[in-house]
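Me: Please walk me through how the ligand is held in this model. Keep it brisk.

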Amino acid sequence: MALQPHLIGGEWVASGDGRENRNPSDLADLVGVYASADKALALQAIAAAKTAFPAWAASTPQQRFDLLDAAGDEILRRRQELGELLAREEGKTLAEGVGEAARAGQIFKFFAGEAVRTGGERLPSIRPGVEVAISREPLGVVGLITPWNFPIAIPAWKIAPALAYGNCVVMKPADLVPGCAWALADILQRAGLPAGVFNLVMGRGSVVGEALLDSPDVAAISFTGSVETGKHVAAKCAARLAKFQLEMGGKNPLIVLDDAELDVAVNCAVNGAFFSTGQRCTASSRLIVAEGIHDRFVAALTERLQALKVDHALKPGTDIGPVVDDQQLGQDLRYIEIGQQEGAKLVCGGERLNRETEGYFLAPALFTETRNDMRINREEIFGPVASVIRVKNYDEALAVANDTPFGLSAGICTRSLKHASHYRRHAEAGMVMVNLPTAGVDYHVPFGGRKGSSYGPREQGRYAVEFYTGVKTSYIAP
Ligand code: NAD
């Protein structure tokens, strides 16, 4: 199988090393062999982006609109095929993959519009005859480092604003899922981006990622991934005063109060905790349930989980695809053991499943009788595993929800306007969901969290401008 090359300075560059990209639903299915860069290639990409920057920064908003809009159109037109590629390389179901591909297209079209909408401000000075203008300028070369769990949407929500606001990009996708990022690079290249404006360098975090963190020519780093890597990115960027933003893990609470509609609460839990195989930073891994509804909720949720079809991501009827790889599967199984050792009750799932094809299939696992201080409730597992924590009432639920080192998304199921409003104000999270799953967001509004989940300006929507531009204040005396 031919090596899928990097995109550097407008040229496709196939380096010597290659990495096999295998389908987690079927290990016999080789999705592709993707080039894996060394440091020299990463530096070459940074240099190409630096060379391209002055002209791209001076391009008109209309030029940027046209390119991003064309890319968005192509992604939307090819959503089925891209969604299938995504499902093959990451293991989301086909419907989830197609939905994510469509989201990437919508994001490009949104930021095409932002390219022409972004403006500044003009104010009178406090001094006579002087005017003050506030404008936004691109930063230069930005390094984008992404995780494996949203192989097309996360690259899109970093690439599109970076380019819309006039920056040049060096993108390093997660080693496990280079295919979708490669497809995006191909689409951008054919949309007619000038050479060097967008560069794709695939490979290891410790090689390509480090090169981006260390280079004085990379003005800013946008990172999404684990807390551990995020802290390393922060330390490296802070040491050389580069701008950075981090989106990291979660241990998101979903509160279910006694007055919740049972169906709504169960749907929120099934979707939020288990869809996409639970591999979402916004997954509702802690289900905080009031004692009056607890038993009915657990019974209904268990019934739903046992009816879910776990199988090949591309098979019609599959509800939950495989875990992404053997390492993540090992982590999930270890936490399922830890939960039992801690005294939690495993009411269903948690065992590896055999299917027609060899893959990393895991039965969705539900723990009950858990306490919030257990490791399974404090550490991000990142798999189809959720815990029920029984509480007396709303006040205790709120305290438990906020007692976590994370703060990404927080949900509540209730019919009480009073409790929903109070929760909206007091949940220590960047996003609050009322009678909705903790996962699943819109693209035109800010995305991000607090505490150990996020650092720096928000991503997505108009708020993305904060990260991808710098503010300049000019004083003008005519
Ligand atoms: P990870 O931290 O292992 O890797 C993320 C990226 O960092 C990858 O591209 C990796 O190659 C790169 N990297 C690794 N070491 C590096 C280094 N030394 N220097 C520079 N780059 C390096 O995370 P992952 O396992 O790919 O993704 C899962 C994590 O991502 C979970 O914790 C999840 O919660 C988080 N996540 C967060 C969000 C969010 O928006 N908050 C969204 C999706 C995923």
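**The ligand site**

Reply: This is a predicted model. Domain 1 (3-248 + 453-476) and domain 2 (253-434) each give at least three residues to the shell around the ligand.

Me: How many residues surround the ligand, and how many of the shell are charged?
Reply: The ligand is surrounded by 28 residues. T146, E210, S226, M248 and E380 are the closest. By type, the shell has 13 nonpolar and 10 polar residues, and the charged ones number 5.

Me: Which helix gives the most to the shell around the ligand?
Reply: Three elements supply at least two shell residues each: β11 (220-224), α8 (227-239) and α7 (205-214). The top contribution is 4 residues, and it comes from α7.

Me: Which side chain has an N or O atom 2.7 Å from a nitrogen atom of the ligand?
Reply: Polar contacts here are N or O pairs within 3.5 Å. K172 places a side-chain N or O atom 2.9 Å from a ligand oxygen. S226 has a polar side-chain atom 2.6 Å from a ligand oxygen. The pair at 2.7 Å involves a ligand nitrogen, and its partner is the side chain of E210.

Me: What percentage of the ligand's accessible area does the protein cover?
Reply: The ligand takes up the space of the largest pocket. On its own, the ligand has 850 Å² of accessible area. The share covered by the protein is 87%.

Key:
Residues numbered from 1 in each chain as written. Predicted model: local features only at pLDDT ≥ 70, side-chain atom pairs only at ≥ 80, totals over all residues. Heavy atoms only, no water. Near = heavy atom within 4 Å. Polar contact = N/O pair within 3.5 Å; in protein donor to acceptor, adjacent residues only side chain to side chain. Areas by Shrake-Rupley, 256 points an atom, 1.4 Å probe, with all protein chains shown as cover. 1 Å grid on protein atoms, 1.4 Å probe; cavity = no way out; pocket = protein on both sides within 12 Å on 5 of 7 lines; lining within 4 Å. Sits in = over half its atoms within 2 Å of the grid points. Nonpolar A, V, L, I, M, F, W, Y, C, P; charged D, E, K, R; others polar. Domains from an automatic or database assignment.
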